[in-house]
Amino acid sequence: MNLGPEISQAFIVCISAVFTQNILLAYFLGLCPFLGVSREVKTATGLGLAVIFVLTSTCMLNWLVYHYILVLLGLEFFRFILFIIIIAAFVQLVEMVLDRYSPFLYQKLGVFLPLITVNCAILGASLFMVIRDYSFIVTIGYGFGSGLGWFLAIMAMAGIRQKLANDRIPQGLQGPGITLIIAGLMALAFMGFSGVLQGR
Amino acid sequence: MVLDILVAVAVVSSIGTVLAGLLCICEHFLANYGPCRININEERDITVVGGGNLLSTLISEKIFIPSACGGRGTCGLCKLKVLEGAGPLLPTEEPYLSDEETQSDVRLSCQVKVRGDLKIEIPPELFAVREYICRCASIIDLTHDIKQFRFELVEPGQIDFVPGQYIQLLAPVYKKGGEEVYRAYSISSDPSDTNSIELIIRLVPGGICTTYCFECLKVGDQVKFNGPYGDFRLSDNDTPIVFVAGGSGMAPIKCMLHHMKNTGNKRKATYHFGANVVKELFLIDLMSSFESELEDFTFVPVVASPAADESWDGQTGLVTEAVQRNLKNASECEAYLCGSAGLIDAAIKVLMELGTKEEAIFYDKFE
């Protein structure tokens with residue numbers, strides 16, 4: 001089997017998931033932690049890294065479950081329930097393992113894991129990979145790219161919000177108001193990437 | 001068709017079962033930290049089951065650490081020194097700890113997990129903290145949104161507290177889908193009455209515990225609280241006192257005034273109490289009886305803007321403005337403030353401008 005074209009397609013899908021099809025700024029999935037945990041660059045980094053890890057691994061896991069269990073049994077319609085169960089169980093498991101064996105990683109990533117268990121970006125990516133009929137290798141690229149896109153978006157947002165912390169914002173816009181406006185402007189900026197890549 | 005449904009249900013439930021089983025097995029092997037020893041103040045060791053957070057572990061050992069948020073890491077009250085075994089500082093703790101605290105190993109006990117043997121330091125006064133069962137003896141309306149609750153102690157039957165301290169009242173589950181919560185309230189009763197406590201509570205719209213107290217709690221009901229906590233207390237010297245309070249901030253000040261009367265304290269004291277309209281003032285009679293019974297006490301009620309149909313010949317404006325007008329010897333006074341964060345911050349600003357020393361300003365801020 002020649003994996004060359006697969007890998008190059010995975011690469012293209014990955015890049016487009018980071019920029020043109022950014023899961024956060026093009027689809028507005030995973031907004032809740034994006035708004036809630038973007039006050040400092042440091043915490044945003046931890047959350048972003050956790051999202052990259054969980055998105056990549058759950059996409060792979062869900063691909064296997066979907067193609068080797070659900071499709072075989074003709075139960076594709078169950079994917080919503082099963083995906084979320086698998087994501088929740090996997091995240092829980094990872095948290096336990098980190099907690100036990102790697103205090104360092106637990107401190108950096110682990111504390112954020114419960115926050116993203118039921119994040120719609122994670123479920124959304126798994127569902128997109130089914131709708132778009134990605135192969136396993138492309139799915140890896142897609143999961144990683146989506147996570148990286150989310151990471152970049154929250155990093156940018158946290159950076160902007162840190163700068164804003166000392167600025168005078170009109171009272172009615174303070175807090176979520178200005179944050180949503182920034183998110184909208186960032187989404188417009190990311191739209192500028194469309195056309196860079198024609199791949200999906 | 002039926003077969004399809006059966007297969008579907010069987011598949012989903014078996015996948016669910018396998019995952020749940022896997023998690024249970026992992027939990028058994030991974031999250032099982034076995035018995036852990038916690039050394040407290042180098043004086044005694046307790047052996048606990050590891051795996052939980054330090055706050056709830058200590059509560060299960062009947063050592064009560066103040067906490068207003070119930071272990072969610074949002075109130076920052078449950079600080080303890082953890083000298084050994086706590087692991088690195090978590091990002092969830094950082095916002096609540098100053099650099100100084102971080103360096104002296106202070107942690108939020110609700111975020112520290114008991115993974116192994118720990119060495120901790122608990123301020124000795126917290127050992128006096130106990131859980132009390134009490135019975136609601138009376139509920140009196142003070143204003144449209146402030147009530148005074150009296151609780152007779154059942155078990156243990158006596159409480160010993162320093163005037164100014166607070167307790168944490170447990171609101172039980174009173175509506176479907178609710179949960180138990182602890183909320184902190186200052187004790188307002190006469191400290192010589194050790195068989196009961198009195199609280200002055202203002203209804204917070206949407207508040208879990210205040211809604212319970214206002215709508216569900218009836219005379220005769222049993223409730224639990226733990227305490228006493230807090231280091232808001234009168235100092236032991238002769239400097240003149242300025243009390244400033246608003247609304248239910250009356251509670252600890254009232255308790256302190258009872259105490260001054262009981263102990264024959266001769267300090268000069270002035271009490272500025274603020275309200276928006278005249279009908280929000282309360283316990284006026286009690287305050288005027290303190291004026292005649294205490295050596296040198298003046299009560300100054302201040303109404304921000306009396307309503308059109310109210311007659312008011314006392315001071316008007318904000319309570320902080322009244323303090324600014326009336327206080328002549330601010331630099332030699334000690335100030336005791338109690339009320340909302342807005343009131344306290346404004347009062348501190350005014351007092352500092354008038355020349356009161358920062359270390360002579362004590363407060364209990366409701367947040």
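Visitor: Is strand E14 (residues 297-303) of chain B largely enclosed or largely open, and why?

Guide: This is a predicted model. Buried here means under 20% relative accessible area. In strand E14 of chain B, 6 of the 7 residues are buried, so the rest of the structure leaves this strand largely enclosed.

Visitor: How many bridges link E14(B) to strand E13 (residues 269-275) of chain B?

Guide: Strands of a sheet pair through backbone hydrogen bonds, either parallel or antiparallel. E13(B) and E14(B) take the parallel sense. B:Thr270 stands opposite B:Thr298, and B:Tyr271 has B:Phe299 as its bridge partner. The pairing runs over 7 bridges.

Visitor: Which strand pairs with E14(B) over 2 bridges?

Guide: Look at B:Val302 in E14(B), which stands opposite B:Gln315. That partner residue belongs to E15(B). The pairing is parallel, over 2 bridges, and the strand is E15 (residues 315-316) of chain B.

Visitor: Which strands are at the edges of the open sheet in chain B?

Guide: The sheet has 6 strands, paired in parallel, in the order E15-E14-E13-E12-E16-E17. An edge strand pairs on one side only. That applies to E15 and strand E17 (361-366) of chain B.

Visitor: Which helix forms a β-α-β unit with E13(B) and E14(B), and what angle does its direction make with that of E14(B)?

Guide: The helix in this right-handed unit is H6 (residues 284-293) of chain B. H6(B) packs on the sheet and touches both E13 and E14 of chain B. Its direction relative to that of E14(B) is about 150°.

Visitor: Which strands does helix H5 (residues 250-262) of chain B lie across, and at what angle does it run to E12(B)?

Guide: H5(B) lies across strand E12 (241-246), E13, E14 and strand E16 (334-340) of chain B. Relative to E12(B), H5(B) runs at about 145°.

Visitor: Which three residues of chain A supply 28% of the area that chain A buries against chain B?

Guide: The contact involves 22 residues of chain A and 21 residues of chain B. Together the chains bury about 2000 Å², with 77% of it on carbon and sulfur atoms. On the chain A side, no other three residues supply more than A:Met96, A:Arg100 and A:Gln107.

Visitor: Which side chains meet in a salt bridge between chain A and chain B, and what is the N to O distance?

Guide: The count between these chains is 1 salt bridge. The cut-off for nitrogen to carboxyl oxygen is within 4 Å. The side chains are those of A:Lys42 and B:Glu94, and the N to O distance is 3.4 Å.

Conventions:
Residues are numbered from 1 along each chain as its sequence is written. Chains are lettered from A and ligands numbered from 1 in the order in which they are written. This is a predicted model: local features need pLDDT of at least 70, side-chain atom pairs count only at pLDDT 80 or more; totals for chains, interfaces and linings use all residues. Side-chain values use heavy atoms; hydrogens and water are left out. Buried means under 20% relative accessible area, exposed over 50%, partly exposed in between (1.4 Å probe, protein chains only). Helices (H or I, at least four residues) and strands (E, at least two) are DSSP runs, numbered from the N terminus. Two strands pair if DSSP finds at least two bridges between them. A crossover is right-handed if, with the strands pointing away from the viewer, the path from the first strand over the helix to the second runs clockwise. Contact means heavy atoms within 4.5 Å. Axes are lines fitted to C-alpha atoms, for helices over the stretch in contact, and angles run from 0 to 180 degrees between N-to-C directions. Buried area is the accessible area (1.4 Å probe) that two parts lose on being put together, summed over both.
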